[in-house]
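Q: Please take a close look at a single part of this structure. I should like to see how that part is built and how it relates to its surroundings.

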Amino acid sequence: MKPNKHKATHSAEKEFGGALGATCIPVFLPLTVLYLLSVCRSPAASVLQWPPPLPPAAQLWDPLAAVLVVGWITLQSFLYLLPIGKVSEGLVLRDGSKLKYPINGFHALSITAVLLIVCLWLGMPLGYLFELILPLAVCAIGVSYLLSMYLYIRSFWAPQHALSLGGNTGNPLYDFFMGRELNPRIGDFDLKYFCELRPGLIGWVVINLGMLMKEVELRGSPSLAMQLVNGFQLLYVTDALWNEEAVLTTMDIVHDGFGFMLAFGDLAWVPFTYGLQAMFLVVHPQSLSTLGAAGIILLNGIGYYIFRKSNSQKNQFRRDPTHKSVAHLETIATATGKRLLVSGWWGFVRHPNYLGDLLMALAWSLPCGMSHILPYFYVIYFTILLIHREARDEKHCRAKYGLAWDTYCRRVPYRILPYIY
Ligand SMILES: NC(=O)C1=CN([C@@H]2O[C@H](COP(=O)(O)OP(=O)(O)OC[C@H]3O[C@@H](n4cnc5c(N)ncnc54)[C@H](OP(=O)(O)O)[C@@H]3O)[C@@H](O)[C@H]2O)C=CC1
Ligand SMILES: CC(C)=CCC[C@@H](C)[C@H]1CC=C2C3=C(CC[C@@]21C)[C@@]1(C)CC[C@H](O)C(C)(C)[C@@H]1CC3
């Protein structure tokens, strides 16, 4: 079959620093992952250390890591395809159709947990993940590159209406980075939706468990700090999979194409940088007072409450504005026919869900103490990501809702943090 030659959307404003950003980021971010992992395992764990503690090339490759990464993605694909759980529809696409998605992520997590318990019972040394972390990251980065190339090439056979508006500029490097096709599928298997929630997110908590087991090997039992980091991040991942349907209305699924940014983000960035705190604790044990732990648990609880309640409120409102939990909320009309919430969580700040997420991020780092900046990497990166994401979303909403969005901004003047930002 001949590839389709679609008119590129040259007028679309380029994001992430345009073509230059899209050329540098795919080189810079994979190196950042390897650098952070190397620094995290070094005794000094200092990001300012010069020369940086880079591993010899031989430590970057291990065939076992390749087998584990391929085996892991195959297992999660198999669980995705299991005919269990309900099937849900996504939002309406540009051609008026709706795609169907399996909602069985929580089942996949539960089955994975059972398999892990069996592996541990059989004496599998899960703590070995600590030794294998660099080759595992190298393989995950390799897979994300291969996947992105496949996605870019296959997008030339996709119909025009299936392409994302932002990733079809005609500049190959930029389009490779942003992703040309919106919902690439092999049969019914949705590649973007699968990658967003399964291999990387579940992989992240499995790696965390590996770090906990390594601590047990080294010190006989897991520290309180390690238990908190594992517990908080497991709660976050479990929540994401329990509320899997809500991901169908996020920016990534609705708006962004599937290219290097999301493939690498999902498969390499999330599992290998979001859990740096647990890896840090293996080499840099921390003692935590009961009072300190209680304060951190409270902070995570408050963050989680705001995150979950605000996300659920918007999701419920978008799915059924007449539902009794949201029907009483004050709204403003927009020219599109959709309404915007101006009371409840979305009348507090314009992105209450980001605020809750950021409070949790801080709670995940605090168990690592204050002596190093490295365990705070996630909070720093996440603040930048969410400020940038908020700006992108604001641009989309202003274009979509026009004057109604300006009215909303006047009614709810703060973006994420009341009276500050
Ligand atoms: N851990 C991580 O790495 C990351 C986590 N996240 C988390 O993912 C979650 C989802 O975030 P994200 O996809 O960025 O965006 P949001 O879930 O915040 O969705 C933004 C959309 O919500 C709708 N909206 C905005 N304001 C209102 C309002 N007042 N009333 C009704 N609808 C409104 C608009 O879409 P429309 O009107 O078209 O419905 C807007 O485009 C967040 O909790 C975030 O913290 C996000 C990125 C990374
Ligand atoms: C630096 C780089 C390559 C960034 C790419 C960004 C991605 C890592 C993130 C974009 C949006 C994400 C979301 C989640 C994970 C990180 C990415 C993929 C998410 C699945 C985490 C769990 C949450 O509950 C969520 C489902 C709301 C969330 C959705 C967005």
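The request and the answer below concern the surroundings of ligand 2 and the two domains that contribute to them.

Q: Which residues, helices and domains form the shell around ligand 2, and how do the two domains meet?

A: The model discussed here is predicted. The shell around ligand 2 is the starting point. There are 17 residues around this ligand, and those that come nearest are E196, A240, D252, D266 and R389. The protein covers 85% of the 630 Å² of accessible area that ligand 2 has on its own.

The chemical character of the shell may be described next. Twelve of its residues are nonpolar, four are charged and one is polar.

Several helices take part in the shell. At least two residues are supplied by each of α6 (191-197), α8 (224-242), α10 (260-273) and α14 (377-401). The largest share belongs to α10, which provides six residues.

The shell can also be described by domain. The protein chain is divided into domain 1 (24-40 + 59-287) and domain 2 (288-420). Each of these two domains gives at least three residues to the shell around ligand 2.

This leads to the boundary between the domains. The centres of domain 1 and domain 2, taken over C-alpha atoms, are separated by 23 Å. Across the boundary, 33 residues of domain 1 are in contact with 31 residues of domain 2. Together the two domains bury about 3,000 Å² between them, and 65% of that area is on carbon and sulfur atoms. On the side of domain 1, F232, Y236 and M251 supply 22% of the area buried against domain 2, more than any other three residues.

Charged side chains also link the two domains, with a count of three salt bridges between domain 1 and domain 2. Elsewhere in the description of charged pairs, the side chains of D239 and R308 meet in a salt bridge, with 2.7 Å from N to O. The structure as a whole holds 19 salt bridges. Another of these pairs is K214 with E217, whose closest N and O atoms are 3.4 Å apart. Both K214 and E217 lie in helix α7 (residues 199-219), three residues apart, which is about one turn of the helix.

Key: Residues numbered from 1 in each chain as written. Chains lettered and ligands numbered in written order. Predicted model: local features only at pLDDT ≥ 70, side-chain atom pairs only at ≥ 80, totals over all residues. Heavy atoms only, no water. Near = heavy atom within 4 Å. Areas by Shrake-Rupley, 256 points an atom, 1.4 Å probe, with all protein chains shown as cover. Helix = DSSP H or I, 4+ residues; strand = E, 2+ residues; numbered from the N terminus. Nonpolar A, V, L, I, M, F, W, Y, C, P; charged D, E, K, R; others polar. Domains from an automatic or database assignment. Contact = heavy atoms within 4.5 Å. Buried area = accessible area lost by both parts, 1.4 Å probe. Salt bridge = Lys/Arg side-chain N within 4 Å of Asp/Glu carboxyl O.
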